[in-house]
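Got your viewer open? Let's take a short walk through this one, a stop at a time.

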Amino acid sequence: MGDIKKVAILGAGMMGSDIALSCALAGYDVLLKEVSLDLAAAGVERIRGSLAKWSEKGRLAVDAEQQKSAVARITPVDNFSGFGDVDLVIEAIFEDLDVKSQNFRQLEEVCKPSCIIASNTSSLPITKLGACFSSAERKSRFVGMHFFSPAAIMKLVEVVNGEDTSAETVETACAFCTSIGKEPIKVNDCAGFVVNRILGAINDEAIRLLEENVASAADIDKACQLGLGHPVGPFALMDQISNELNLKIARIFHGIYGDRFLPRPALVRKVDAGHFGRKTGKGWFDYSKK
Ligand SMILES: NC(=O)c1ccc[n+]([C@@H]2O[C@H](COP(=O)([O-])OP(=O)(O)OC[C@H]3O[C@@H](n4cnc5c(N)ncnc54)[C@H](O)[C@@H]3O)[C@@H](O)[C@H]2O)c1
């Protein structure tokens, strides 16, 4: 990718660390920024774990030497001091308009004018996020790049153009995705884009089936896998994504699309109980013994 050489990722959580890994495996130098060096270093550890896990399962074809050099390309940081020569920033921090906008305004100060700033938001409209930038040039270089979990191996990226995103920015973002082994699709901005609008509807209906006691979570998952050919059922996927985020997304969709995305009471209860999914050891299923 001619235009993009150095990449920065904001947020070394579940998504940011795997996106950093995909970029590093493709040969890009990556700055991985967190709120503290400890969290950034924890992100690098997560990347090592991801590499080991997916190589062992045969989903990533990388030998020990390639793994080592990919990790060496990632620099954990807790500030913006190295961002002056970055060509692309992919933001993957909390799903919160104010927190994201605050970070974008800081990026506007430190990044060079040609730098493309992208958001991995799942549910916030790109046009609304892009409105926080002060200059028209910066708004034209702001784009959605929506990866899917686990981002180290999932191929799809929704490249989303907001109201002010230039066609050139969309093309560069798509070419970058291809350069890291992903498959981009172009999406015109709307909350949830394509995949999460469809997924939101599937999840809601799956939870309704559970609330109505039609079948168990395990059997609803089995129905989707064996009857519809889905690789993972909706409850296992919600646990993978985290119910906390699922509820945040449901609330955003409800605000925008109305009652068809009214958050399901059973999902609210899971979050109230702290049963977020895999990352807390319990969600729709119990992972504590596995
Ligand atoms: N979880 C998914 O399956 C999924 C899929 C696609 C997109 N997304 C989106 O990706 C983003 C991140 O989601 P996640 O699941 O990785 O969340 P996460 O909670 O695992 O990670 C978020 C990270 O951002 C860090 N952070 C917060 N403020 C920061 C700042 N100012 N600078 C740097 N880092 C900061 C936090 O410390 C945390 O480690 C969200 O916008 C989410 O909607 C998530």
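**Stop one: where the domains meet**

Domain 1 and domain 2 bury about 850 Å² between them, with 65% of that area on carbon and sulfur atoms. The side of domain 1 that touches domain 2 is made up of six nonpolar, four polar and two charged residues. Keep in mind as you look around that this is a predicted model.

To colour the two parts, select 6-188 for domain 1 and 195-279 for domain 2, as the domain assignment gives them. Their centres, taken over C-alpha atoms, are 26 Å apart. Twelve residues from domain 1 and ten residues from domain 2 take part in the contact.

What holds across the boundary in polar terms? Three residue pairs are in polar contact between domain 1 and domain 2. Hunting for salt bridges across this interface turns up zero.

**Stop two: the ligand**

Now select the ligand and show what surrounds it. Which of the 22 residues around the ligand come nearest? They are Met-15, Glu-34, Glu-95, Lys-100 and Ser-122.

Zoom in on Ser-122 next: one of its polar side-chain atoms lies 2.6 Å from an oxygen atom of the ligand. Then pick Ile-93, where a backbone N or O atom is 3.2 Å from an oxygen atom of the ligand. Finish with Lys-33, which places a polar side-chain atom 3.4 Å from a nitrogen atom of the ligand.

Before you leave, switch on a surface. Taken alone, the ligand exposes 840 Å², and the protein buries 88% of that.

Terms used:
Residues are numbered from 1 along each chain as its sequence is written. This is a predicted model: local features need pLDDT of at least 70, side-chain atom pairs count only at pLDDT 80 or more; totals for chains, interfaces and linings use all residues. Side-chain values use heavy atoms; hydrogens and water are left out. Domain bounds come from an automatic or database domain assignment. Contact means heavy atoms within 4.5 Å. Buried area is the accessible area (1.4 Å probe) that two parts lose on being put together, summed over both. A salt bridge is a side-chain nitrogen of Lys or Arg within 4 Å of a carboxyl oxygen of Asp or Glu. A polar contact is a pair of N or O atoms within 3.5 Å; within protein, one must be able to donate a hydrogen and the other to accept it, and residues adjacent in sequence count only if both atoms are side-chain atoms. Ala, Val, Leu, Ile, Met, Phe, Trp, Tyr, Cys and Pro count as nonpolar, Asp, Glu, Lys and Arg as charged, and the others, Gly among them, as polar. A residue is near a molecule or strand if one of its heavy atoms lies within 4 Å of it. Accessible areas come from the Shrake-Rupley method with a 1.4 Å probe; for residues, only the protein chains shown count as cover.
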